[in-house]
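Okay, thanks for squeezing me in. I'd like to walk you through one chain, starting on the outside and then working inwards. Have a look at the screen.

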Amino acid sequence: MLAAGDLAAQDSDDPVSATECCLPLHIPIGARTVAMGQALTIRAGREAVFMNPSSLVDLVDDGFAVHRSTMAPEAQLTTFSLFIHSRVPGVFALTYRFIDFGDSEFTDDDGNVIARASEIDQLLVASYATRISAGLSGGVSFKLYDFGDQCTGSCVGE
């Protein structure tokens, strides 16, 4: 058994803590996920990309899935997933999730718009699952996450 030192997801000078930065990664995707309270650890299904990639091994067909939902009040979530199934090597999946949190306008004391800001969240997930032996499967997901603010105008101090 090996012991590792502390690991940090962000620099210590970052004003946003690691527990605050990545909250959109916990947004449930799909009706089954929401209905079961995100308790999908061993259920086979396309939602396994976000919860437990080893469950993808039980998918029997190739497929393409699109999920679209509206979150409060203006955020729009869109997810595209491609699943490629093969009996020998396993199941490969590629998923792209985009959240548009909407636009905000900033005004001066006279009510003139001086800036427009928008926030977007993007996630790319590459997953692989395979059957190791009867009753035992394994899976891995690699995630690239980007949360960004875009601003036009005078956004200093906003």
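So, which element gives the largest share of the nonpolar patch? That's β2, with three residues. And before I go on, keep in mind that this is a predicted model.

Here's the patch itself. On the surface you have Phe64, Val66, Phe80, Leu82, Ile84, Phe92, Leu94, Leu124, Phe142 and Leu144, and together they present about 940 Å² of accessible area. The elements putting in two or more residues are β1, which covers 63-70, then β2, β3, and β5, which covers 136-153.

Take phenylalanine 64 from that list. Its place is in strand β1. Is it buried or exposed? Exposed, because its relative accessible area is 53% and the cut-off for that word is over 50%.

Okay, now the inside. The largest nonpolar core has 12 residues: Ala48, Val49, Phe50, Leu56, Val57, Leu59, Phe83, Val91, Ala93, Leu123, Val125 and Ala129. Two or more of those come from each of α3, residues 48-51, β3, residues 90-107, and β4.

Valine 125 is a nice one to click on. Skipping its neighbours within four places in sequence, valine 125 contacts Val49, Phe50 and Ala93, and also Leu94, Thr95, Ser141, Phe142 and Lys143. Val49, Phe50 and Ala93 are core members too, while Leu94 and Phe142 you've just met in the surface patch.

Now two threonines. Threonine 78 sits in strand β2, which runs over residues 76-86. Threonine 78 counts as buried, because its relative accessibility is 13% and buried means under 20%. What does threonine 78 touch, not counting residues up to four places away in sequence? His67, Arg68, Tyr96, Arg97 and Phe98. With arginine 68 there's a side-chain to side-chain polar contact of 2.6 Å. As for histidine 67, it is 11 residues from threonine 78 in sequence, and their C-alphas are 5.7 Å apart in space.

The other one is threonine 130, in strand β4, residues 113-133. A polar atom of the threonine 130 side chain lies 3.2 Å from the backbone oxygen of proline 89. Again not counting residues up to four places away, threonine 130 touches Val57, Val88, Pro89, Gly90, Ser137 and Gly138. One of those, Val57, belongs to the core we just went through.

That's my tour. Happy to rotate the view if anyone wants another look.

Methods:
Residues are numbered from 1 along each chain as its sequence is written. This is a predicted model: local features need pLDDT of at least 70, side-chain atom pairs count only at pLDDT 80 or more; totals for chains, interfaces and linings use all residues. Side-chain values use heavy atoms; hydrogens and water are left out. Helices (H or I, at least four residues) and strands (E, at least two) are DSSP runs, numbered from the N terminus. Buried means under 20% relative accessible area, exposed over 50%, partly exposed in between (1.4 Å probe, protein chains only). Contact means heavy atoms within 4.5 Å. A polar contact is a pair of N or O atoms within 3.5 Å; within protein, one must be able to donate a hydrogen and the other to accept it, and residues adjacent in sequence count only if both atoms are side-chain atoms. A nonpolar core is a set of buried Ala, Val, Leu, Ile, Met, Phe, Trp, Tyr and Cys residues joined through side-chain atoms within 4.5 Å. Patches are made of residues with over 30% relative accessible area and no salt bridge: like charges are joined within 9 Å, nonpolar side chains (Val, Leu, Ile, Met, Phe, Trp, Tyr) within 5 Å. Accessible areas come from the Shrake-Rupley method with a 1.4 Å probe; for residues, only the protein chains shown count as cover. A salt bridge is a side-chain nitrogen of Lys or Arg within 4 Å of a carboxyl oxygen of Asp or Glu.
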